[in-house]
Amino acid sequence: MKRLFSLAIALLAFPLIVLSEDVQSKSAGDMLKVAEEYFAPYNAWEAQYEEAEYDKYNSPASENGLSETLIKITGKVVSVDNLNDEFDVWIVAQKDEKKWGVAVSVGNDKPDIGSMVDCYGVYLGQSRKLGDLPNLILTRFKTVSVIESEGVAVPTLFEK
């Protein structure tokens, strides 16, 4: 409860910290750095996840030996479908259009088609049901917005 209260205070105070400086003189990249430093203690869990390289993971887990690795992928949600009674599946395309299958327990929040997301999860291998795409079981995700002028991806404050 104490940590939740601290986070709530931090979220309320963050705009005051940012706005107390001359916002006009800061680029979006500078603003992102301020936000990252401010929220670093709350985002320490992210360090456990490896940024997944598609080619490294695009083979059966029995061949690459990477089963159950904690990975992170970033990309655009191209579809959200029901796989079976227990799981939905999101297809997420990275910038280079390489696609991943993301298994999500039925009933969890779903992103909008076309939204940018950071998906954190456990790598399973390739799925024949998903057309031999590398896939992971989602542990959490963040919706990401893109600032076109700076080309900087900025996580929203609301994690799901």
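This briefing covers the nonpolar core and the salt bridges of the structure above. The model is predicted, so local features need pLDDT of at least 70 and side-chain atom pairs count only at pLDDT 80 or more, while totals for chains, interfaces and linings use all residues. Residues are numbered from 1 along each chain as its sequence is written, and side-chain values use heavy atoms, with hydrogens and water left out.

**Nonpolar core**

- The largest nonpolar core (buried Ala, Val, Leu, Ile, Met, Phe, Trp, Tyr and Cys residues joined through side-chain atoms within 4.5 Å) has 23 residues, of which Ile-73, Trp-90, Val-92, Trp-100, Val-102 and Cys-119 touch the most other members.
- Two or more residues of this core come from each of helix H3 (54-57) and strands E2 (70-82), E3 (87-93), E4 (99-105), E5 (116-127) and E6 (133-147), where helices (H or I, at least four residues) and strands (E, at least two) are DSSP runs numbered from the N terminus.
- Leaving aside neighbours within four places in sequence, Trp-90 is in contact (heavy atoms within 4.5 Å) with residues including Trp-100, Val-102, Cys-119, Leu-138 and Phe-141.

**Salt bridges**

- The whole structure holds six salt bridges, each a side-chain nitrogen of Lys or Arg within 4 Å of a carboxyl oxygen of Asp or Glu.
- Lys-72 forms a salt bridge with Asp-118, with the closest N and O atoms 4.0 Å apart; Lys-72 lies in strand E2 and Asp-118 in strand E5, so the pair ties together parts 46 residues apart in sequence.
- Both Lys-72 and Asp-118 are buried (under 20% relative accessible area, against over 50% for exposed and in between for partly exposed, with a 1.4 Å probe and protein chains only).
- Salt bridges that share partners join Glu-51, Lys-72 and Asp-118 into one network.
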